[in-house]
2 protein chains.
Amino acid sequence: MVPVPGPTIRDVANLAGVSVATVSRVISGSAPVSPATRERVEEAMAQLGWRPNMAARSLVHGRTGLYGVIVPDVANPFFGELATGMTREAARLGIQIVMLHTDFSEEQDLAALDLCREHRLDAVIYTSGTLGDAHRDAFRKLGRPVVLAATFDPDGEWPGILVDSEIGARMGARHLLSLGHRKIALLGGPETDQVAAGPRWRGWRAELAEAGCLPPAEWQLEVRWKQQHGYQAAISLLRQPEAPTAILCCSDMIALGVLAAAADLGISVPHELSVVGFDGQAIAGFWRPPLTTIGQPIGLIGREALHLATRLVAGEEPPTTRWLTPELIVRGSTATPRR
Amino acid sequence: MVPVPGPTIRDVANLAGVSVATVSRVISGSAPVSPATRERVEEAMAQLGWRPNMAARSLVHGRTGLYGVIVPDVANPFFGELATGMTREAARLGIQIVMLHTDFSEEQDLAALDLCREHRLDAVIYTSGTLGDAHRDAFRKLGRPVVLAATFDPDGEWPGILVDSEIGARMGARHLLSLGHRKIALLGGPETDQVAAGPRWRGWRAELAEAGCLPPAEWQLEVRWKQQHGYQAAISLLRQPEAPTAILCCSDMIALGVLAAAADLGISVPHELSVVGFDGQAIAGFWRPPLTTIGQPIGLIGREALHLATRLVAGEEPPTTRWLTPELIVRGSTATPRR
DNA sequence: CTGTTAGCGCATTCAA
DNA sequence: TTGAATGCGCTAACAG
């Protein structure tokens with residue numbers, strides 16, 4: 001099945017007995033066309049099954065009508081929801097989105113940005129976490145609007161939309177403190193992550209320090225983002241003679257790993273151990289006990305990021321980064337400590 | 001930030017003091033270029049930060065070097081894993097993939113296929129489930145290879161790669177039967193789904209009928225694919241005086257909903273109720289009890305679908321649909337029935 | 001209202 | 001080894 005050229009606008013024009021310009025007018029509505037002619041052209045288009053060649057069109061316009069969305073991991077429900085929010089809004093606005101999956105690889109990130117540039121996508125929404133210098137460079141070379149979704153630029157060069165993780169982390173810590181917990185462990189992503197993990201560590205520590213119960217270093221574990229990482233860390237944490245009564249986690253996935261570990265060790269949640277997640281993913285609400293967590297309005301972030309992009313494409317003034325407030329969602333995985 | 005035109009090949013040629021043809025030769029290697037000239041050109045490219053305009057290039061070639069992947073729901077971990085398998089393989093092969101998310105909407109499916117056609121993508125991998133006539137039409141008009149991943153074409157017009165769901169369903173049923181279950185309920189997707197739900201219903205029924213314990217109609221519930229649907233169905237099923245001792249589910253997500261429902265009703269799994277899922281998603285292994293399920297090699301399906309597409313693009317003979325055998329993964333959610 | 005024509009940026013002849 | 005010219009499919013002046 002070798003690529004078959006397919007009909008061109010000229011074929012349509014010939015079949016309809018008009019010039020290519022007239023065909024162009026019919027499809028773009030850029031100038032009046034007599035109803036009779038229009039009908040002949042439309043018939044010819046239908047008969048030939050012709051569709052415009054976007055490469056040719058974008059060569060003329062310098063635009064494609066396409067927005068690129070760069071995502072590190074579509075298999076992660078968080079990014080899946082984010083992308084869903086964007087595509088729903090895009091469908092509503094008649095915008096086309098192409099998703100570029102980069103598998104958490106900087107190399108693929110940059111390749112994706114190159115692709116956006118080479119194909120002259122109208123805008124790029126970037127969701128892949130902390131920005132490196134290579135990213136900044138690539139953004140600049142893009143020559144197109146860039147919007148950050150669920151991440152941000154400390155220098156403020158590119159606008160973004162995301163929740164304030166530090167506030168969210170404080171909410172989680174305060175919730176545990178108000179329940180009476182004093183022995184609280186922390187399970188978080190890399191502190192070098194300035195977008196998600198870093199601020200969460202900061203928020204937790206600030207809140208716990210103010211309450212005078214900053215946990216010892218052994219109870220502050222840096223882990224990666226998935227369930228298995230939370231599981232392993234929790235196993236080692238909970239096996240120690242002196243165990244925490246509560247654990248704050250950087251993501252729902254980590255927290256679900258902790259719940260599994262507790263179940264395996266015969267530790268009852270929430271009676272013997274309270275667990276708090278972060279993100280508010282739907283699946284965590286179906287766990288038993290359902291996970292108490294800090295909810296992010298993920299769909300909203302996606303929608304708003306797309307809006308931001310459309311405004312920038314329309315040439316409006318670049319807005320600044322917008323911070324949303326997360327929400328404490330109290331479910332069944334937290335309670336007053338037994339002792 | 002209005003789109004800035006950016007440098008063209010002509011700018012590079014001028015700066016290097018050569019013709020555009022020479023620049024073209026340097027980047028394509030289509031003809032020999034003297035080392036000195038090459039160096040001057042490369043310098044000019046670097047200095048200008050020039051990147052080829054793919055719209056122009058694809059106008060000439062009729063190819064883009066891009067494969068389109070059409071996915072109904074990236075927030076669903078199944079499709080996320082499938083997409084990950086493809087993008088990993090694509091990265092390895094140096095192929096670029098653009099993902100089109102269609103939100104389970106036929107309209108968006110067709111829009112995505114239009115986009116693939118208008119942008120002359122080199123191939124399309126379609127993953128969105130049962131094919132309608134509109135899809136077939138759109139595939140034909142594409143004029144490009146189409147590969148089906150985790151779905152198939154009953155007419156065999158387009159090759160695909162997927163597991164044999166009927167065999168998988170039989171495996172699940174046989175597992176329960178061999179444990180001694182006779183009162184088995186079925187929770188599946190729409191029977192009209194010829195790809196996933198339909199064959200699973202068929203497999204279950206055939207296996208159970210052969211064992212002489214086909215469940216009554218009230219125990220055969222058609223539900224949608226997510227946890228909440230499984231949850232609700234299980235609640236109504238398990239509240240009845242005469243309840244099944246086991247439930248076969250069409251997906252892991254449905255099964256996780258069932259596990260939550262059982263927990264809420266105080267029904268102990270697997271002692272009072274056995275549950276079997278379908279798909280083998282990683283997250284279901286972290287449930288407690290971990291879910292017994294029928295595993296699909298999702299990543300492999302993605303990889304192979306991409307391979308198939310590359311072979312078709314290379315002009316090799318169209319292979320036929322390839323069926324993979326699923327695998328019974330026995331974990332903690334199934335056991336011998338108590339009574 | 002409609003046709004003719006000149007590019008958009010690049011690859012590819014054909015000459016030199 | 002290099003340059004000039006042509007055309008890919010389409011839009012946007014400019015004429016008529």
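Which residues are the closest to DNA strand C? The model is a predicted one, in which local features need pLDDT of at least 70 and side-chain atom pairs count only at pLDDT 80 or more, while totals for chains, interfaces and linings use all residues. Residues are numbered from 1 along each chain as its sequence is written, chains are lettered from A and ligands numbered from 1 in the order in which they are written, and side-chain values use heavy atoms, with hydrogens and water left out.

DNA strand C is surrounded by 26 residues, of which T22(A), R25(A), T37(A), I9(B) and R57(B) are the closest; a residue is near a strand or molecule here if one of its heavy atoms lies within 4 Å of it. Sugar or phosphate supplies 66% of the atoms of DNA strand C within 4 Å of the protein, and bases supply the rest. Several polar contacts can be followed individually, a polar contact being a pair of N or O atoms within 3.5 Å, with the added conditions that within protein one atom must be able to donate a hydrogen and the other to accept it, and that residues adjacent in sequence count only if both atoms are side-chain atoms. A backbone N or O atom of S34(A) is 2.8 Å from a phosphate oxygen of DNA strand C, and a polar backbone atom of N53(B) lies 3.0 Å from a phosphate oxygen of this strand. A base nitrogen of DNA strand C, in turn, is 3.3 Å from a backbone N or O atom of A56(B). The elements giving two or more residues to the surface near DNA strand C are α2 and α4 of chain A together with α2 and α4 of chain B, where helices (H or I, at least four residues) and strands (E, at least two) are DSSP runs numbered from the N terminus. By class, this surface divides into 13 nonpolar, 9 polar and 4 charged residues, with Ala, Val, Leu, Ile, Met, Phe, Trp, Tyr, Cys and Pro counted as nonpolar, Asp, Glu, Lys and Arg as charged, and the others, Gly among them, as polar.

Turning to DNA strand D, there are 25 residues around it, and I9(A), R57(A), T22(B), R25(B) and T37(B) come nearest. Of the atoms of DNA strand D that come within 4 Å of the protein, 68% are accounted for by sugar and phosphate. In chain A, an N or O atom in the side chain of S24(A) lies 3.0 Å from a phosphate oxygen of DNA strand D, and a polar side-chain atom of H61(A) is 3.2 Å from a phosphate oxygen of this strand. The side chain of R25(A) has an N or O atom 3.4 Å from a base nitrogen of DNA strand D. Two or more residues of the surface near DNA strand D come from each of α2 (20-28) and α4 (54-61) of chain A and α2 (20-28) and α4 (54-61) of chain B, and the surface has 13 nonpolar, 8 polar and 4 charged residues.

Aromatic rings offer another way through the model, which holds 13 aromatic pairs over all chains; rings of Phe, Tyr and Trp (its six-membered ring) pair if their centres lie within 6.5 Å, and planes under 30 degrees apart count as stacked, over 60 as edge-to-face and the rest as tilted. Y231(A) and F286(B) form an edge-to-face pair, 6.0 Å centre to centre with 70 degrees between the planes. This pair crosses between chains, from helix α10 (residues 227-239) of chain A, which holds Y231(A), to the loop between β9 (274-279) and β10 (292-295) of chain B, which holds F286(B). F286(B) counts as buried because its relative accessibility is 16%, given that buried means under 20% relative accessible area, exposed over 50% and partly exposed in between (1.4 Å probe, protein chains only). W201(B) and W204(B) have ring centres 5.5 Å apart and planes at 80 degrees, so this pair is edge-to-face. Because they are 3 residues apart in helix α9 (residues 197-210) of chain B, W201(B) and W204(B) are separated by about one helical turn, and both are buried.

Finally, helix α11 (residues 252-264) of chain B has 13 residues, of which 11 are buried, so this helix is largely enclosed by the rest of the structure. Among its buried residues are D252(B), M253(B) and I254(B).

Technical notes
The expected span of a helix is 1.5 Å times one less than its number of residues.
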